[in-house]
Amino acid sequence: MINKIQKIDLVLLLSSLLLLGVGLAVLYSISMAMPDNGGMNVFWKQVIFSVIGIAVMFFFSFTNYQIYKSRSTPLYFLTLAVLLFVIIFGLTIRGTAGWIGLGIFNIQPVEIAKLVLIIFLASFISQKKMEIGETGRLVASFILSGAMIFLVIKQPDFGSAMVLLAIWLGMTVVSGISAKKIIVIVITGAIFATLGWFQLQTYQKNRILSLVKSGIIDPRGSGYNVIQSMIAVGSGGLTGKGIGHGSQSQLNFLPEKHTDFIFASIAEELGLLGSLFVIGLYSAMFYRMKMIAMNAPDNFGYLLVVGIMLMFFVQVFENIGMNIGIMPVTGIPLPLLSYGGSSLITILASIGILSNINSRRETIIQQDHE
């Protein structure tokens, strides 16, 4: 057991724990200003999610990532079935029918679907590369990924659909296809995004349009969130107002301050230095992911790392971007910081997979030396 623990990637582990710590500190502050509904508040729920997530991370760290290759297809079709189920029978929260209720906790299957799509595409691309040719692989992967993306758009969850599309685009591009095919992929992605536009609700379209017109569209409606977020970010100054002293978050001017706009809460209470600390931790994680990808033992492992890195990057870039007014509000959580068990546990599971890929490489190196 000690040898297994020693093989866990320390940079990923420490960065994750530090981000969890920052997130919990801010959530504790936020929970004090939220109305008491007689149940467990968001801070204590996130503590439970964190404990479960850390346990899941260690489990995946100790599990040979190769076993996912043979189980990727059943996982994919099971995920499709669950996504279809939530459209028909799922709970609707903030206009999105994407939740399964389990007592005081809710599960959001689309968060798990992101990791499942990565595993499926990594297996599909690495196995079919020589069997069906470049064009066949491209078309097949697009259809299979498109089915999952379509079900997510129908919830409707434009933000998560955008993440899934980015995963497919990125993993397909790095799989070694020609430049002409890359152009086809970009055009196809643009067409898919355009078709997805017509599936969005009016309020979701207004959020995107508000970005173009800098919040002028309905400043008390669709543009309100971004305006309040930018005020919170700007008011933090260099060192912030301190935990529990952020006026925008404590006085409830900032909507969804524990989920979509937690970065604005961090910027307000911890200031520019706290924000740079968070961004620095993410940067360290991205660098480590890049190194693990470059040294992956096989193509399947390489594609897994690339997919997870894409999932992280898109969510971090989009969430921080919408908090400072340069990206549309899409409801994408900020990894390891935003409140939510489904996202947190999936992210920590992904980190566990990355650690296992890195440890398998080190095992191979040790065997070669012996």
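**Stop 1: Arg288 and Asp9**

Select Arg288 and Asp9 in this predicted model. Their side chains form a salt bridge, with N to O at 2.5 Å. Where does each partner sit? Arg288 belongs to helix H12, residues 262-294. Asp9 is in the loop between helix H1 (2-6) and helix H2 (10-33). The partners are 279 residues apart in sequence, so the pair ties together distant parts of the chain numbering. Now check the surface around Asp9. Asp9 is buried, because its relative accessibility of 4% falls under the 20% cut-off.

**Stop 2: Glu111 and Lys114**

Move to helix H5, residues 109-128. Pick Glu111 and Lys114, which form a salt bridge. Their closest N and O atoms are 3.1 Å apart. The two residues are 3 apart in the helix, so about one helical turn separates them. Are these residues buried or exposed? Glu111 is buried, at 3% relative accessible area. Lys114 is buried too, with 0% relative accessibility.

**Stop 3: Glu268 and Lys241**

Next, select Glu268 and Lys241. This pair is also a salt bridge, with the closest N and O atoms 3.8 Å apart. That distance counts because the rule accepts pairs within 4 Å. Glu268 lies in helix H12. Lys241 sits in the loop between helix H10 (224-235) and helix H11 (247-250). The pair therefore ties together parts 27 residues apart in sequence. Colour both by accessibility. Glu268 is buried at 0%. Lys241 is partly exposed at 33%.

How many salt bridges does the rule give? The count is 3.

**Stop 4: H12 against H13**

Stay on H12 and add helix H13, residues 299-323. Two packed helices are described by the angle and the distance between their axes. Here the axes come within 11 Å and cross at roughly 160 degrees. That angle is over 145, so H12 is roughly antiparallel to H13. The crossing of H12 and H13 is left-handed.

Now show the contact side chains. On the H12 side, select Ile262, Phe263, Ala264, Ile279, Tyr282, Met285, Phe286, Met289, Lys290, Ile292 and Ala293. On the H13 side, select Tyr302, Val305, Met309, Phe312, Phe313, Val316, Asn319, Ile320 and Asn323. What is the make-up of this contact? It has 17 nonpolar residues, 2 polar and 1 charged. Lys290 counts as charged, because Lys is in that class. Asn319 and Asn323 fall among the polar residues, because Asn is in neither of the other classes.

Methods:
Residues numbered from 1 in each chain as written. Predicted model: local features only at pLDDT ≥ 70, side-chain atom pairs only at ≥ 80, totals over all residues. Heavy atoms only, no water. Helix = DSSP H or I, 4+ residues; strand = E, 2+ residues; numbered from the N terminus. Buried < 20%, exposed > 50% of the residue type's maximum accessible area, 1.4 Å probe, protein only. Axes fitted to C-alpha atoms, helices over the stretch in contact; angles between N-to-C directions. Parallel < 35°, antiparallel > 145°, perpendicular 65-115°, else oblique. Left-handed = near helix turned anticlockwise from the far one by under 90°. Contact = heavy atoms within 4.5 Å.
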